[in-house]
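Got the viewer open and a free hand for the mouse? Take this tour stop by stop, selecting as you go.

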Amino acid sequence: MICVSIGRGRHRHVIAEHRHLAENGIRLVELRLDYIQGKVQVKRLLQDRPCPVVATCRRAADGGRWEGSEEERLLILRTAIVEGADYVDLEDDVAARVPRYGATKRIVSHHDFEKTPANLSSLHKRLAGLDADVVKIAAMANHPTDSLRMLDMVRTSGIPTVGVCMGDIGMPTRILAGAAGSPFTFATFHDDRVLAPGQIGWRQMRDVYRYESITPRTRVYGVVADPVAHSLSPVVHNAALAAEGIDAVYLPFRVPAEQIGDFITESDRWPLAGLSVTIPHKEAVLPFATEQDELVKAIGAANTLAFGPAGVSAFNTDAAAAVDSLAAAIVEQDVEAEGLGLKTTLVLGAGGAARAVAFALRRRGVDVTVAARTLDRAKKIAADVGCKAVDWAARYRLPYDCLVNATPVGMHPHVDETPFDKEHLRPYMVVFDTVYNPENTLLVKEARTIGCRIVTGVDMFVRQAAIQFRLWHDREPPHGVMREALKRATASAKVPG
Ligand code: NAP
């Protein structure tokens, strides 16, 4: 069950949100009484409530906003019990001072905003001993193993237990909580009004991650990156899984660079079935792969892992996606051409995307030049894939048939920037911008006005995700669903990149 936390300053806003949630099928809400400005009218909030509530009044030390005295706070919690709140949240240090009364269930909670405590089972035992109906432990994850320990604790607990790890690193525990046996997980009313680090909105929890349908048998996939919160891969893959009725969920895993080895070697504890791999892990995952496809070997970077009984297989879907996008656009746009129809291509940037594109184009016989502000990186690609390297300032020196932007220039929120001035664009050029948020970057818009043929990052992104889908699920991906999900997400101004 999803428990939605309501934190509003005015009683009427709390009541309106509560009603809205109940009308939308939510069966439990947490009323954060510490957010109410002025005198808290507990009775007003509880009478005629449209669905059951958890009454919580959190101190600042535990991540709340309560500024009054401790005696007043405890009085509010006791009043909530007298007024028949369905649950009351009592921190472990005050639980003994608020006696059980009536039918109100006691959630005995513990918060740690620094770390996940080393001995979760002894902490759990102590909380359970405080006359708890439900134990709740919310602790900051600093390492993916913290999340695994938390989920193990929930799985093995004798009484109902809500165990969540806070922060981006711990976010997957919020989604996998129910499958581990947690009676509910917390979500917020709005995605952008979080009440605790790592929380997400209830619509995302219900509609993107399909929380209620995740069971211990549900296969777990995800994207591993640092940072990861901006990734649109969860939106695209979960939409495809839902459309195909596949019992799997795709999660964002934030894993710092130095922890990637532990994360991969502990993959069977989630257990993970497959991962998209992005910055900064594309090269770092290679030593853990028992098998690498031909592209991974040639490019020296993987963006996809599949976990199977035989080990970890590594793939690179960026290169194929880039060439497929170019080929499709060129054919669609009715160009008379042999092969790709491109003789010379300028690739801007010398990171993983540039490397994949340069490699794939070279294999199709295209004469590739890489221009980068860090010339040494461009030279390294040139040596590895057999192309030319020039420094950033030299990118306008020669005419090219095709321009590929493989830098983040133009990406949200820097939408007024372009890596290539309009005056150097020519109508005969194919312009391929790998940036997908927004789809219509300044470069794409300017190239369109000149009359260039266009390939967008949305096209490439959907293609690489579709290749991943095929590898993991061994069936045709729903391209249209994936494209629509990505377009919807990038159209929403709230998605940062
Ligand atoms: P990366 O490894 O971090 O490489 C980024 C490259 O861009 C580096 O060469 C960097 O130069 C250069 N760069 C960054 N800011 C620049 C600026 N202001 N001016 C000039 N050069 C700049 O990243 P990546 O994995 O290759 O990804 C690059 C971009 O490709 C992403 O931002 C994304 O938009 C796009 N991408 C799209 C897809 C897709 O499916 N559509 C897939 C992968 C990537 P330095 O080395 O000097 O920092």
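Start by selecting Asp474, which sits in the loop between α15 and α16 (479-491). Keep in mind that what you are looking at is a predicted model. Asp474 has a positive phi of about 55°, although it is not a glycine. Most residues other than glycine have a negative phi. Is Asp474 buried or exposed? With 70% relative accessibility, Asp474 counts as exposed, because the cut-off for that class is over 50%.

Next, jump to Asp48, in the loop between α2 (42-46) and β3 (53-56). Asp48 is not a glycine, and its phi is positive too, at about 55°. At 75% relative accessibility, Asp48 is classed as exposed.

**Two cis peptide bonds**

Now for the backbone. Most peptide bonds are trans. Select Asp226 and Pro227 together: the bond joining them is cis, with omega about 5°. You'll find Pro227 in the loop between β9 and α8 (233-244).

Then pick Ile279 and Pro280, where another cis peptide bond has an omega of about 5°. Pro280 belongs to the loop between β11 and β12 (291-292). Leave Ile279 highlighted for the next stop.

**The largest pocket**

Which residues lie nearest the centre of the largest pocket? They are Thr278, Ile279, Lys282, Gly352 and Ala353, out of 48 lining residues. So that Ile279 you left highlighted turns up here, having just appeared in a cis bond with Pro280. The pocket's volume is about 1500 Å³.

Colour the elements around the pocket one by one. β9 (219-225), β11 (272-277), α12, β16 (367-372), α13 (375-385) and α15 (457-473) each supply at least two lining residues. The biggest contributor is α15, with 5 residues. If you colour by residue class, expect 23 nonpolar, 17 polar and 8 charged residues in the lining.

**Two cavities**

Switch to enclosed spaces. How many cavities of 30 Å³ or more does the structure hold? There are 2.

Begin with the second largest, which holds about 40 Å³ of space. To frame it, select Lys282, Ile299, Ala301, Ala302, Asn303, Asn316, Asp318, Gly352, Ala353 and Ala356. Lys282, Gly352 and Ala353 are in this lining, and you met them at the centre of the largest pocket. Helix α12 (residues 352-363) gives the largest share of this cavity's lining, 3 residues. By class, the lining is made of 5 nonpolar, 3 polar and 2 charged residues.

Move on to the largest cavity, with a volume of about 170 Å³. Of its 17 lining residues, Arg32, His111, Lys136, Ala196 and Gln199 are the closest to the centre. Show β2 (28-32), β6 (134-140) and β7 (161-166) as well, since each of these strands supplies at least two residues of the lining. The classes here come to 7 nonpolar, 4 polar and 6 charged residues.

**The sheet**

Keep β2, β6 and β7 on screen and add their neighbours. You should see an open sheet of 8 strands with parallel pairing, in the order β7-β6-β5-β4-β3-β2-β1-β8. Which strands stand at the edges? They are β7 and β8 (185-188), and because each has a single partner strand, one side of each is left without a neighbour in the sheet. Look along the sheet and follow its twist, which averages 25° from one strand to the next.

Zoom in on the β8 edge. Strand β1 (residues 2-6) pairs with β8 in the parallel sense, over 4 bridges. Select Val4 and then Ala187 in β8 to see one pair of bridge partners.

**Cysteines**

For the last stop, show the cysteine sulfurs. A disulfide is a covalent bond between the sulfur atoms of two cysteines. The count in this model is 0. Cys57 is in no disulfide, and the nearest cysteine sulfur, in Cys3, is 16 Å away. Cys57 is also buried, at 1% relative accessibility.

Finish on Cys452. Why is Cys452 not bonded to Cys402? The sulfur of Cys402 is the closest cysteine sulfur, but at 10 Å the two are too far apart for a bond, since a disulfide needs sulfurs within 2.5 Å. Cys452 is buried as well, with a relative accessible area of 7%.

Notes:
Residues numbered from 1 in each chain as written. Predicted model: local features only at pLDDT ≥ 70, side-chain atom pairs only at ≥ 80, totals over all residues. Heavy atoms only, no water. 1 Å grid on protein atoms, 1.4 Å probe; cavity = no way out; pocket = protein on both sides within 12 Å on 5 of 7 lines; lining within 4 Å. Points joined across faces, edges and corners; volume = space filled by probe spheres on them. Nonpolar A, V, L, I, M, F, W, Y, C, P; charged D, E, K, R; others polar. Buried < 20%, exposed > 50% of the residue type's maximum accessible area, 1.4 Å probe, protein only. Pairing = 2+ DSSP bridges. Axes fitted to C-alpha atoms, helices over the stretch in contact; angles between N-to-C directions.
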